[in-house]
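I opened the model to look up its strand pairing, its charged contacts and its surface. These are my notes.

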Amino acid sequence: MKLIIGILFVVVAIFASVALIPPYWANYQFEDAIKTEALMATNSTKTEDAIRESVYKRARDFDIPLDKEKIKVQHVGQNGTGSVTIEAPYAVTVNIPGYPITLNFDPMTTNKGVF
């Protein structure tokens, strides 16, 4: 009996992992992408709308359900003299049979210029 419960526990854990790991991995990659975007935008003359569009495209690359209107970009200064802050909150629902889970992610980054 203990063996059956142990095997059942392992199967459930594997199934849950298969369902939960992809959204966390996509969020990790997306956070890295917006950090890179903030770094590059700090040293350029990109507008806030252009940065927002770039972030939105990266979210689509990772199949992240992000509304463009929820992306907040603040670009102060230009050419390395200011800062860029990007916030892009979103939620993903993972359907584990009998137990749907909503995962809330709040990726955010700020990059300050060198001057």
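The entries below go through a hairpin, the salt bridges and a nonpolar patch, all in a predicted model.

**Entry 1, hairpin.** I looked up how strand S3 (residues 90-96) and strand S4 (residues 99-105) are arranged, and found them paired in the antiparallel sense over 7 bridges. I then asked which residue in S4 is the bridge partner of tyrosine 90. I found phenylalanine 105 in that place. The hairpin of S3 and S4 has 2 residues between the strands. I checked the backbone there and noted that glycine 98 takes a positive phi near 80 degrees.

**Entry 2, salt bridges.** How many salt bridges does the count come to? I got 4, and wrote down three pairs by name.

I began in helix H2 (residues 48-61), where arginine 52 and aspartate 49 lie 3 residues apart, about one turn of the helix. Their side chains meet in a salt bridge at 2.7 Å, N to O. I looked up whether each partner is buried or exposed. Arginine 52 counts as buried because its relative accessibility is 17%, below the 20% cut-off. Aspartate 49 has 57% and counts as exposed.

Next I took glutamate 53, which forms a salt bridge with lysine 68; the closest N and O atoms are 2.5 Å apart. Glutamate 53 lies in helix H2 and lysine 68 in the loop between H2 and strand S1 (72-76), so this pair ties together parts that are 15 residues apart in sequence. I noted both partners as partly exposed, glutamate 53 at 28% relative accessibility and lysine 68 at 29%.

The third pair I wrote down is aspartate 61 with arginine 58, a salt bridge whose closest N and O atoms are 3.4 Å apart. Both residues lie in helix H2, 3 residues apart, about one turn of the helix. I have aspartate 61 as exposed, with a relative accessible area of 52%, and arginine 58 as partly exposed, with 34%.

**Entry 3, nonpolar patch.** Which residues form a nonpolar patch on the surface? I listed Phe9, Val10, Ile14 and Val18, with about 430 Å² of accessible area together. I looked up one member further: valine 10 has its place in helix H1 (residues 2-42). Valine 10 counts as partly exposed because its relative accessibility is 44%, which lies between the cut-offs of 20% and 50%. Patch residues need over 30% relative accessible area, so I see why valine 10, at 44%, meets that condition.

Note on methods:
Residues are numbered from 1 along each chain as its sequence is written. This is a predicted model: local features need pLDDT of at least 70, side-chain atom pairs count only at pLDDT 80 or more; totals for chains, interfaces and linings use all residues. Side-chain values use heavy atoms; hydrogens and water are left out. Two strands pair if DSSP finds at least two bridges between them. Helices (H or I, at least four residues) and strands (E, at least two) are DSSP runs, numbered from the N terminus. Patches are made of residues with over 30% relative accessible area and no salt bridge: like charges are joined within 9 Å, nonpolar side chains (Val, Leu, Ile, Met, Phe, Trp, Tyr) within 5 Å. Accessible areas come from the Shrake-Rupley method with a 1.4 Å probe; for residues, only the protein chains shown count as cover. Buried means under 20% relative accessible area, exposed over 50%, partly exposed in between (1.4 Å probe, protein chains only).
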